[in-house]
Amino acid sequence: MSTILRRIVPFLVGVLSMSAATAALAQADPSWPSRPIRVVTPFPTGGINDVIARIVAEHIAPRLGQPIVVEPRTGAGGNIGTDAVAKSAPDGYTWLASSFPVMSLAPALYASLPFDPVADFRAVAMTASAPNLLVVSSQLPVSTVAELAAYARTKPQGLTYASPGNGSSAHLGSELLKRSAGFEAQQIVYRGAPPALVDVMGGVVDFMLASVSLAAPQIKAGKLKALAVMDTQRSPLAPDVPTLSEAGYREEPIVPWFAIHVPAGTPAAIVQRVNREVERALKDPDVRERLEKAGAKAAAPASPEAVDARAGDEVRKLGQFAREIHLPKQ
């Protein structure tokens, strides 16, 4: 009997898997898309999330044969627009321009969240990443991460770092840097990255993790020094700046990423179609150049399942890290 079961069970599992895949394909409207598609960006127009969404949408709309309308729905740290997509019909006509930290950190950052970033969404494709640079004033007497850590240890109260707020990549990345390099620093919160960078240049605060696009002009002007790029690879916009690993610190950096998600239950055929079109777009030299000018880097090809796995893994890892640094919930 056990021999028979060992033979039958794998067969039944295969049949059920094929049936599920067939059902998912059957749910897709064969005429899709037959009307305009809406991409909700949960952050303001002109921000990097919005810019990346528009660059990708402009390229793939002609291939899908329908307009793709980018619609900002901002507020509550990105939660309003994200929740709107979570509650939309899973028919392939509403996409989310998703990103870190909404899809990775929100459960750890908010005591009450109207959506589940894992259960309520289906990943479609990764679009880009936008690593930060560790920058200091050109007047600060350090030129490497090790020198910054040594300098911090000479200060009884440690250093200060600028951040646009709790849960931002600048905040979490700075806390991770402190742990990796073994020094103390106090967060100073600003209303946005530009005014924070002004105070770094002026020596009011000691360091900051800033986007490449924001910091690069000031580095070129000699007002800032870049000590490391918080990524696993160097940035094409700052090719002379070493990665954190090259600087001697092995802890995996926190890298802001951007993707496309749709409501859970969206037909698999639609998800796969959009994934293919996004990957095709990201290979286009013009798209890659426009992303680089915005301070972003085109994502490597990744299946929807791989993007889902990454987001789920980050939810767990960052949730643990948030507890370790006693990140208060809002």
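# Sheets, cores and open spaces

Reader: Let's start with a helix on a sheet: at about what angle to β2 does α2 run?
Author: Helices (H or I, at least four residues) and strands (E, at least two) are DSSP runs numbered from the N terminus. Contact, meaning heavy atoms within 4.5 Å, is the basis for saying that α2 lies across β1, β2, β3, β4 and β10. With axes fitted to C-alpha atoms (for helices over the stretch in contact) and angles taken from 0 to 180 degrees between N-to-C directions, α2 runs to β2 at about 165°.

Reader: Good to know. What kind of model is this?
Author: Residues are numbered from 1 along each chain as its sequence is written, and side-chain values use heavy atoms, without hydrogens or water. Local features need pLDDT of at least 70, side-chain atom pairs count only at pLDDT 80 or more, and totals for chains, interfaces and linings use all residues; the model is predicted.

Reader: Which strands stand at the edges of the open sheet of 6 strands?
Author: Two strands pair if DSSP finds at least two bridges between them. Pairing in this sheet is mixed, and the order is β2-β1-β3-β10-β4-β11. Pairing on one side only marks the edge strands, β2 (68-72) and β11 (297-298).

Reader: And which residue of β11 is the bridge partner of Ser129?
Author: β4 and β11 are joined by 2 bridges in the antiparallel sense. Across from Ser129, the bridge partner in β11 is Lys297.

Reader: Another helix lies across β4 and β10; which one?
Author: The helix covers residues 304-324 and runs at about 90° to β4. Its name is α11.

Reader: Now the open sheet of 5 strands: why is one side of each edge strand left without a neighbour, and which strands are they?
Author: The order here is β7-β6-β8-β5-β9, again with mixed pairing. Neighbouring strands are turned by 35° against each other on average, direction ignored. Two strands each have a single partner, so one side of each has no neighbour in the sheet; they are β7 (185-189) and β9 (224-229).

Reader: Which residue of β9 pairs with Leu134 through a bridge?
Author: Strand β5 (residues 132-137) runs antiparallel to β9, and 5 bridges join them. The bridge partner of Leu134 in β9 is Ala228.

Reader: Which helix gives the most to the largest nonpolar core?
Author: A nonpolar core is a set of buried Ala, Val, Leu, Ile, Met, Phe, Trp, Tyr and Cys residues joined through side-chain atoms within 4.5 Å; buried means under 20% relative accessible area, exposed over 50%, and partly exposed in between, with a 1.4 Å probe and protein chains only. The largest core has 60 residues, and Trp32, Ile68 and Trp95 are among those with the most contacts inside it. Apart from it lies another core of 22 residues, Tyr161 and Phe207 among them. The top contributor to the largest core, with 8 residues, is α2.

Reader: Is α3 enclosed or open, and how many of its residues are buried?
Author: What covers its buried residues includes β1 (37-41), β3 (94-99), α4, β4 (121-129) and β10 (257-263). Asn79, Gly81 and Asp83 are among the buried residues of α3. The helix (residues 79-86) is largely enclosed by the rest of the structure, because the buried count is 7 of 8.

Reader: What is the relative accessible area of Thr266?
Author: Thr266 sits in the loop between β10 and α9 (268-282). Beyond its neighbours within four places in sequence, Thr266 is in contact with Pro90, Asp91, Gly92 and Val271. Thr266 is buried, with a relative accessible area of 8%.

Reader: Which strand supplies the largest share of the lining of the largest pocket?
Author: On a 1 Å grid over the protein atoms alone, a cavity is a set of points where a 1.4 Å probe fits but cannot get out, while a pocket is an open set with protein on both sides within 12 Å along at least five of seven lines; lining residues have an atom within 4 Å of a point. Points are joined across faces, edges and corners, and a volume is the space filled by probe spheres set on them; here that space is about 1,000 Å³. The lining has 38 residues, with Phe43, Pro101, Pro164, Ser168 and Ser169 nearest the centre. With 4 residues, the largest share comes from β8.

Reader: Finally, which element gives the most to the lining of the largest cavity?
Author: The whole structure has 2 cavities of 30 Å³ or more, and the largest holds about 100 Å³. Of its 15 lining residues, Ile52, Ala53, Ala97, Thr127 and Ile260 are closest to the centre. The element that gives the most, with 6 residues, is α2.
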